[in-house]
Every structure is written in structure tokens, then in C-alpha cells.
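Biologist: Got a minute to walk me through this one? Let's take the chains in turn.

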Amino acid sequence: MAELQLKSARFRAEREADWRRLETLLTRAQGGRAAKLRPQELLEIPVLYRQALSSLSVARSISLDRSLVDYLEGLAARAYFVVYGTRTRPFERMGRFFVHDWPMAVRSLWRETLVGALIGAVAAVVAYILVRQDSDWFYGFMPQAMAGGRDPTASTAFLRGTLYGEGGHGAKEGLELLATFLFTHNAQISLFAFALGFALCLPTAALLAYNGATLGAFLALFAERGLAFQATGWLMIHGVTELFAVTLAGSAGLSIGWAVSFPGERSRVEAAAHAGRRGALVMAGVVVMLFVAALLEGFARQLITSDGARYAIAATSGVLWAAYFYWPRRSRPE
Amino acid sequence: MRAALANWRARWSGRVPPPPGPRPFVTPEGVDLRLAVGLYTDRMSAFILDALIIIGLLIAISLLAMFGAWGFHRGSIGTEGALVIWLLGAFLLRNFYFIGFELRPGAATPGKRALGLRVIARDGGRLTADAVFARNAMRELEIFLPASFFLARGMGVDAGLIALGAIWSGVFVVFPLFNRDRLRLGDLAAGTMVIKVPKTTLRPELVQEGPATVRGVAFSEAQIDAYGIKELHVLEQVLRTGDRRTLAEVARRIRTKIAWDGPMDVTDRAFLSSYYAALRGRLESRALFGHRRQDKFDRV
């Protein structure tokens, strides 16, 4: 066999069986049946993967058979995906998320959270003062559809009625729909607030300010009729959770925008990626918070009509969230 | 001034990203895998496929709920039930369909899988759950924001404002076309990229295959030295494709070029195979001694 005098052909003949073996193992692992590989076979993959890598390096330098080099590149890449692929067990991951990752991510965003809360609060105060001075301002802050008849022309009795589920969408049989609608609507708004942060913070800040202004205008309307205390209870039973969630979403967005504008020592793209991943952690939690808020808003608010109980729930939820996020604890290594 | 302009133009034309070909991608072991970046059109098609699957699922769930309600108490689920399904279902599916599938070992949604794409971490490390979440949360901005501008018609918003919003948000849709790795905003924020999964088929070794050593077919050193690596690869391609007419044409040219004076009764294929074996052997042994002859113009 004069042909096998070629070193590259001999090289291939000697190793081909290993490559084929790796190929079959990969096909089985990638078919979503990784569990069916025996432990022995699982251990084989990394070894064969490193062999394929070294074969690739050798083939690149000694073989001029292009199809062989292409094959080894593809094989090594596929093995790489398996060896370095996602290896997260969903439940373990979820546990770590709630115990550790989420509170840590929220806590590391405390500066942005403060700024976001401040923007919302200032907007609320401004809107409150404006509406108290001239009730026509109310229409500037609140779209007609969202107000649901609660505007300066409404009677005090009607406004009182909306607080205690005697009118508006207080009818008790529609609660599931209401909760669902509120949840998806709020979740979408907060995902927007997060994603818009990329555009250098400004749209996120605008969204937070608008959110705050609506709140201020709403409170001013009720305060004018001497219903401030009751309206606050009506709002805060879920509002503590919801406003906190929206502020966190905004702060995650702000952190991305900030990283893009002022990347510091990292490159802009790297800084954005870092802030993006941390923000995404916060956002995953925000969706959970909004789910809780929607349950409170859709069910608890309509079913509990005593002011005291509403304030108690609001205060409890506030204390619980704050303790969960900011209670000092040891940071656990990865 | 003119020089500055020309300079700028040259720089600008240099900055236009090339079409995605192999991209250097170094594994933790230090070997470059040269991965192919996923094409923009492929990714578009994959997304459309996924969107169709989601809509199909929603319709299926609604139908099931309708039949279920009818079966239990001979009633309908009513508009309210249908709304709950569509509002909550659309939100959950939209957000967790992508995340769920990309967290699986294949790191691809069914649409991506159909087009042979997958998600990887750009830095060569493991693809984390956070990265997958981040790249999909950004989709809200890239796809659903422009879409909501188009659906916002008739809500009392100025038409001009809608048009401006659509254009502004439309920028994100074409964003991947303006960078080398075809990163969309979500990829940028998550440190991921989408690549084409390489195919792995090991073609037979050409040097062993067929009657490579036809009696009487031998080449002199000068004849073998007529070509370099580039021509060898073209010859490999020709032999593997095996088109009769191309084989004849290539054999004719090589015979002319090397002034072939051996037996003329060997078939074109046998002739080319033996020449390929001889040329590869020669080039490989020279490469071992440190000289890779790139093409036929490369003289030592």
C-alpha cells in the first residue's frame, strides 16, 4: 500500500474510530436523551472531545485534505457545545435564584433603585400639586380609558363607591379576568421600562415619571373630596408591591443605560452585557412580584373593603419585601 | 481635503462588516473552532416559524378549553375565559417559550433547530440561564415595540408620532445587519451570539479510494511541482464532486500544463486521483519541513 505512506492518511486511519465514536455519542446526547447515556459514556465525551481538538490542531498543520479539516472542525464544535453547554437543573437553579441571586442583584442596584424611586416620587408630588390647584390638569395625566369615570366631574358618592367595589370593575365575578389583565399589562410595562433603558436611560426615566404622575393625579382627585386616606389604602394594598416592582424594573433599565453611556474600564459592549445579565436577573423577579401584585389587586382589593385591613396588608407586604431584599446576610460564593 | 475624503472613504468601506463567514472562536483549550455566524435571513425565518408555533399553540389551547367547557357543563367558556387564555397564554408563551427551549441542551427553539441555528456564549464559556433570560427580555423592545406601534392605530395618537415611533424602533430590527457577528440588541445585552451548527460528515479518504496506483502512471518532480495548496483543494473538490465533464476538462488542462508524456489510456479519474495523491504527498512533506506552498505562483 504505497498510498498509506502519506503521513496524513495514516494519521486519519489511526484515529478515525475515535472520531466516529465521539460522533455517535454526540448524536445521542444532542437528541435530548442525554439521560440515556450511561455514566461511563458520559465520562468518555470530554476525553474524546480533547482528543478531537488535538486531532484538529495536528490535521491543520500536517493534512492538506480539506474535507478532513472541515469535518474535525465541525466535530470539535459539536462536542464543545455538549461539553460546555448549558448545564442547569431547573429546580436547583430556581432555588438558588430565590435564595441568593435575586436579592443580591436587587441589592447591587440600590443606587439606581433610589434614583428611580425619586423620579417617580417627584413626578407624583408635582402632579398632585398641579391637580390640586387646577383640576383640569387631571386629564393631562390620566388617559380617559384608564380613569373609568373617575374624573373631576364625578360625584363624591361615585368615587367612594369605586373604592369599595360598588361600581366600576368591582363586580366580583370578573376577578380572574381583571387579575390576568393587570398582570400582563404591568409585566409588559415593566419589561418595556427595562428594555428601553438601553436607549441611554431617558425613555425609562420618562416612563417612571409618567407612572408617578398618574399616581399623583389620582390621589389629588380623591384628596379634593376628602377621601385621601381611603384612596391610599385602596391603592397601597397592591401598590406597595407593584410600585416597588416597577421601580426595580426601571432601575434595571437605568443600570443598562448607565453602563452604555459610562462603561468605565470595560468596553462598552462588555459593560452592557454585564449590566444586561444582572438586570435580567432582577427582571425575572419583577415578573414574580407583579404576579403577586396582580393577585392582591384583582382579588384582595375587591374582597377586603375595610381600610384597616388594607393598610395592614400594605404595610406587611412592604416590610416583607424590604426584609427579603435588604436584610443583611452572608454572600454565598457561586 | 481630497486626501482626507479618500482616506475616510477607504476607512468607511473597510468598516462595512463582511458577510458572515467563519469567525474565530477560541475554546478554553486554546483551539480555534472557526464557527459560522448565523445568517440574518435564517434567523428571521426561525423567528417567524416560532411565532407561528406560538399562535398555533394558543389556538389549540383555546379549542381544548372550549371543548372542555362544553363537555363538563354543556356551556361555553365565554369571552372572559377566552380573554384569560389569550392574555395570560400569549404573555407566558411569548416570554417562556424562547427561554425554555434555549435553556435545553440544544440551546435552540424549534424554529432555530429547523434552520440549524443555536445560541452560544460569545466569550467561549458556558451559556448561563441569566444570559438566556436577558437576550429574550430584550425581544420585547426589538419585536413587540415596533409591532405595538403598528397596532396603535386609532387610539387617538397622532399618525405622525406613530410613524416616527415605528421608524425609531424599526432601527432595532435591522440592527444585526450592522455588526460583524449579526448580534441583535438582546445578544449584545446578554453576551451571546447565534451560530450555524456545523455539519459533520466525514468524506472518504481520496488517497485510498480507487485505483490510485495505475501501472505506469508516475510523475517526475518537476511535474508534481507545477501546483500548490490552492490548486490541490480545487482538485479535491473536483474529485469529490465527480462530474464527468469537469473531470475531463481538468485532466486535459493538467496534462497540458505538466507536459504529460506517460500512457494516455488511463481514465481521467484514475489519472487525476494519482496526480492528487502525488501532489498531496509532495506538498505535505514540504509542509512538514516548514514550507506551505500556497499556490502555483509560490516559488521557493
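Biologist: What percentage of the residues in chain A is buried?
Modeller: Buried residues make up 44% of its 334 residues. Keep in mind that this is a predicted model.

Biologist: How many helices and strands does chain A have?
Modeller: Chain A has 13 helices and zero strands. From the N terminus on, its elements simply run α after α.

Biologist: What share of its contacts comes from residues far along the chain, 24 or more positions apart?
Modeller: Counting contacts in chain A with a separation of 6 or more, 77% join residues 24 or more positions apart.

Biologist: Pick one helix. Is α3(A) mostly covered or uncovered?
Modeller: Mostly covered. In α3(A), 13 of the 18 residues are buried.

Biologist: And what span should α3(A) have, given its 18 residues?
Modeller: The helix covers residues 66–83 of chain A, and at 1.5 Å a residue it should span 26 Å. Its end C-alpha atoms are 25 Å apart, so the two values agree.

Biologist: Switching to chain B. What is its secondary structure?
Modeller: Chain B has 12 helices and four strands. Of its 300 residues, 29% are buried.

Biologist: Same contact question for chain B: what share is 24 or more positions apart?
Modeller: It is 67% of the chain B contacts with a separation of 6 or more.

Biologist: How do α11 and α12 of chain B pack?
Modeller: Helix α11 is residues 244–257 of chain B, and α12 is residues 268–288. Their axes are 9 Å apart, at an angle of about 55°. That angle is under 65 degrees and not under 35, so α11(B) and α12(B) are oblique to each other.

Biologist: Is that crossing left-handed or right-handed?
Modeller: Left-handed, for α11(B) and α12(B).

Biologist: Which residues meet there, between α11(B) and α12(B)?
Modeller: From α11(B), you have L247(B), A248(B), V250(B), A251(B) and I254(B). From α12(B), they meet D268(B), R269(B), F271(B), L272(B) and Y275(B). By class, this contact has eight nonpolar, no polar and two charged residues.

Biologist: Now the interface. How many residues of each chain are in contact with the other?
Modeller: 57 residues of chain B are in contact with 59 residues of chain A.

Biologist: Which helix gives the most on the chain B side?
Modeller: α12(B), with seven residues. Other helices of chain B supply at least two residues each, including α3 (78–102), α6 (139–151) and α10 (229–241).

Biologist: How do the residues on that side divide by class?
Modeller: The side of chain B that touches chain A has 33 nonpolar, 10 polar and 14 charged residues.

Note on methods. Residues numbered from 1 in each chain as written. Chains lettered and ligands numbered in written order. Predicted model: local features only at pLDDT ≥ 70, side-chain atom pairs only at ≥ 80, totals over all residues. Buried ≥ 20, exposed ≤ 12 C-beta atoms within 10 Å, placed from the backbone. Contact = placed C-beta atoms within 7 Å. Axes fitted to C-alpha atoms, helices over the stretch in contact; angles between N-to-C directions. Parallel < 35°, antiparallel > 145°, perpendicular 65-115°, else oblique. Left-handed = near helix turned anticlockwise from the far one by under 90°. Nonpolar A, V, L, I, M, F, W, Y, C, P; charged D, E, K, R; others polar. Expected span 1.5 Å × (residues − 1).
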